[in-house]
Amino acid sequence: MSTDREDQDMRIKCQQKLKTTTDPVEKLRLQCLSRGSTGIKGLGRTFRIYDDDGDLVLSKDEFKKGVNDYGCQLTAEELEECFLAFDKDASGQISFSEFLQRLRPPMSKARMALINTAFKKLDTSGDGIVTSADLKGVYDARKHPKYMNGEWTEDQVFNSFLTAFDTPDDIDNKITKDEFINYYAGVSASIDGDAYFDLMMRRSWKI
């Protein structure tokens, strides 16, 4: 997982880049990442609120409202250009998953492989969602300082771990694969060297 220092460095880099970029999609990406590693995942959570029928498709109005409600500052013209960039088939709708995939900062195949391996290790049930039940098989809560001093129970340790991947206003103590990838896309953006990212992932997840 990313450190506070890495998150802060990424926020600063993104805020600096925002001063010069003119591409609306890049502006949206940078504004999400300037919130830290959970920024893109947070936008995804916002969009899920507007997906009432669960079809994972966004209309133009839903897209614009979601971006605005999340607090991203784009002009009406930039929002229009952004939507058209994602609406490749000119259907007036965009795929929720394809949108988030395109919004993620580019990652090498090696980094994606590490992220997928880590998630597969965590998802012991194989259902695509990591819960506290999954963690009991791979994460030793008894080594957590707050468990050791009696302040937290084992379940509280697990929930604290899961909350790290949640957005502050929408905590469900579950991690989907998309949320996991979106989180680490943000972490990846804060780490320049592939070697360090590789080391960080292997140490974090013992893979």
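Okay, let's start at F180. In this predicted model, F180 touches I115, A118, F119, L122, F165, I175 and W205, leaving out anything up to four places away in sequence. So which core does that belong to? F180 is one of the residues with the most contacts inside the largest nonpolar core, which has 26 residues. The others on that list are I115, F165, Y184, F197, M201 and W205.

Who builds this core? Helices α7 (109-122), α10 (154-163), α11 (177-189) and α12 (194-205) each put in at least two residues. And which helix gives the most? That's α11, with 6 residues.

Now, apart from that one, there's another core, of 25 residues. Among its members are L30, L33, I40 and C72.

Okay, zooming out to the chain. We have 12 helices and 4 strands. How does the radius of gyration fit a compact globule? With 207 residues, such a globule would come out near 17 Å, and this chain has 18 Å, so the two agree. If you like boxes, the C-alpha atoms fill roughly 55 × 40 × 30 Å along the principal axes. Buried residues make up 42% of the 207. And take the contacts between residues at least 6 apart in sequence: 62% of them join residues at least 24 apart.

On the outside, the accessible surface is about 11000 Å², and carbon and sulfur atoms account for 49% of that. For the charge people: there are 30 positive and 36 negative side chains, and the centres of the two sets sit 7 Å apart.

Two residues to look at before I stop. First up, R29, in helix α2 (residues 24-33). Buried or exposed? R29 has a relative accessible area of 13%, and the cut-off for buried is under 20%, so R29 counts as buried. Setting aside neighbours within four places in sequence, R29 is in contact with R102, L103, R104 and P105.

Then there's D55, in the loop between α3 (39-50) and β1 (57-59). D55 has 37% relative accessibility, so we call this one partly exposed. Where does S95 come in? S95 is 40 residues from D55 along the chain, yet their C-alpha atoms are separated by 9.0 Å.

That's my tour. If you have the structure open, go back to F180 and click through to W205, one of the residues F180 touches.

Technical notes
Residues are numbered from 1 along each chain as its sequence is written. This is a predicted model: local features need pLDDT of at least 70, side-chain atom pairs count only at pLDDT 80 or more; totals for chains, interfaces and linings use all residues. Side-chain values use heavy atoms; hydrogens and water are left out. A nonpolar core is a set of buried Ala, Val, Leu, Ile, Met, Phe, Trp, Tyr and Cys residues joined through side-chain atoms within 4.5 Å. Buried means under 20% relative accessible area, exposed over 50%, partly exposed in between (1.4 Å probe, protein chains only). Contact means heavy atoms within 4.5 Å. The radius of gyration is taken over C-alpha atoms; the globule rule is 2.2 Å times the number of residues to the power 0.38. Accessible areas come from the Shrake-Rupley method with a 1.4 Å probe; for residues, only the protein chains shown count as cover. Lys and Arg count as positive and Asp and Glu as negative; His and the chain ends are not counted. The place of a charge is taken as NZ of Lys, CZ of Arg, CG of Asp or CD of Glu.
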